[in-house]
Amino acid sequence: MRFADSMMAVPFPAFYRFAWVVAGMLALLWAGAAALRQPAPLPLVPAGAVPAVTPTASGRLLGVNWVAVDSASSQDMEPLVQAHVTWIAQTPFGWQPDAARPEIRLHTGVVSRQYWGESDRGLVRTALLARQRGIRTMLKPHLWLRSGGTWPGDVNMASEAEWQAWFASYTVFMLHYARLAEENGMEALCIGTELQHASTGHETEWRTLIRQVRQVYRGPLTYAANWSDEFEQIRFWDALDYIGIQAYFPLSQQERPAKAELLKAWQEPLRRIRAVQKRYRKPVLFTEAGYKTTPDAAIQPWAWPDRKAAPAQPDETTQRLCYEALFETFWPQPWFRGIFIWKWYPGLQPDGPARRHLDFTPQHKPAGQVMATWYGK
């Protein structure tokens with residue numbers, strides 16, 4: 001357009017001006033036709049607008065944790081629509097060399113060991129495809145430890161100086177995704193996941209980070225705290241919009257528990273969660289919750305199936321009962337704002353990889369029917 005504007009400023013004779021206009025109109029028509037063949041760009045959030053977060057009559061976020069892949073299409077969204085899902089969580093990664101090194105590497109494009117769906121381009125494109133089907137996006141960046149640790153809860157520095165260096169690096173990492181979420185209309189942002197040493201001992205640094213994030217991102221914020229005791233020790237919940245919990249509470253000490261046992265086991269975690277909610281007067285969101293398709297799903301819900309063990313038969317009944325107990329316990333709570341089920345593989349077929357029959361996904365299983373029923377209420 002700038003080139004055309006400069007050309008139109010030249011005092012052409014009337015005939016040439018007419019010819020130029022006709023040519024311009026033809027060019028616009030051609031560009032419009034080409035645009036129909038290309039993916040539409042993701043619209044930006046209008047200046048001054050805050051994304052709404054009440055996609056259902058109850059105001060609940062009916063979500064799944066979306067698995068990044070090498071491509072995505074509108075067809076991948078159709079099963080979500082059928083299951084009444086209204087939100088997905090997308091997870092890009094920051095790469096930390098070691099749990100004790102205050103350095104986080106940011107990769108915005110596709111690099112080794114990274115899927116297209118974790119790149120900026122993939123995140124934006126997936127959010128667009130979801131929005132076209134009425135599904136919103138929570139951007140949920142994670143840290144991946146390359147060595148010297150197995151999960152973000154291992155991150156721990158040896159000195160205060162190293163902690164300050166870590167927070168400086170983490171702020172750069174998080175502000176990048178805050179800007180990406182703002183510029184592309186993503187409807188919620190999670191500012192951290194299971195960083196229990198960082199979150200429970202550095203309240204001032206988190207409040208500073210939250211202020212910085214809010215300067216560039218206008219949507220609602222949460223933090224994904226570990227179920228064990230991190231969510232009870234955090235002191236900055238009042239600065240966020242949701243109390244976020246990774247809800248892998250153990251519910252049994254035996255395989256194949258009855259639903260009555262599961263419902264009874266939920267009462268103590270429910271009491272603890274209610275106490276934190278009452279103190280901070282913030283709604284509670286399960287940023288992750290899910291169960292394997294195994295007989296021991298309720299014993300250590302956070303643990304992946306042991307791939308080195310002898311192949312086990314899927315136990316869809318135990319997984320289904322765990323889902324039923326989860327929804328029956330928390331859906332009646334007026335302060336409960338939703339769940340992001342762990343996890344959802346785009347394009348997964350009923351006869352997909354055998355390992356999917358044991359892992360956390362509810363797809364093509366009775367647990368998925370339970371989720372869809374409660375999400376559709």
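Me: Which strands make up the closed barrel, and what is the sense of their pairing?

Reply: Strands of a sheet are held to one another by backbone hydrogen bonds, and their pairing is either parallel or antiparallel. In this predicted model, a closed barrel of 8 strands runs in the order β1-β2-β5-β7-β8-β9-β10-β11, with parallel pairing. From one strand to the next the twist averages 25 degrees.

Me: Over how many bridges do β1 and β11 pair?

Reply: The pairing of β1 with β11 is in the parallel sense and extends over 5 bridges; on this seam, Leu-61 has Gly-338 in β11 as its bridge partner.

Me: Which strands do the helices α7 and α12 meet?

Reply: Helix α7, residues 203-216, packs on the sheet and touches β7 (188-193) and β8 (221-226), with its direction at about 145 degrees to that of β8. Helix α12, residues 366-375, lies across β1 and β11, and runs at about 150 degrees to β11.

Me: How should I read the largest pocket, and which residues are the closest to its centre?

Reply: The largest pocket holds about 1,500 Å³ of space. Its lining has 46 residues, of which Phe-93, Trp-144, Trp-304, Trp-342 and Lys-343 are the closest to the centre. Two or more lining residues come from each of β1 (61-66), β2 (87-90), β3 (93-98), β6 (142-147) and β11 (336-344), and β6 gives the most, with 6 residues.

Me: How many residues of that lining are nonpolar, polar or charged?

Reply: The lining of the largest pocket divides into 26 nonpolar, 11 polar and 9 charged residues.

Key: Residues are numbered from 1 along each chain as its sequence is written. This is a predicted model: local features need pLDDT of at least 70, side-chain atom pairs count only at pLDDT 80 or more; totals for chains, interfaces and linings use all residues. Side-chain values use heavy atoms; hydrogens and water are left out. On a 1 Å grid over the protein atoms alone, a cavity is a set of points where a 1.4 Å probe fits but cannot get out, and a pocket is an open set with protein on both sides within 12 Å along at least five of seven lines; lining residues have an atom within 4 Å of a point. Grid points are joined across faces, edges and corners, and a volume is the space filled by probe spheres set on the points. Helices (H or I, at least four residues) and strands (E, at least two) are DSSP runs, numbered from the N terminus. Ala, Val, Leu, Ile, Met, Phe, Trp, Tyr, Cys and Pro count as nonpolar, Asp, Glu, Lys and Arg as charged, and the others, Gly among them, as polar. Two strands pair if DSSP finds at least two bridges between them. Axes are lines fitted to C-alpha atoms, for helices over the stretch in contact, and angles run from 0 to 180 degrees between N-to-C directions. Contact means heavy atoms within 4.5 Å.
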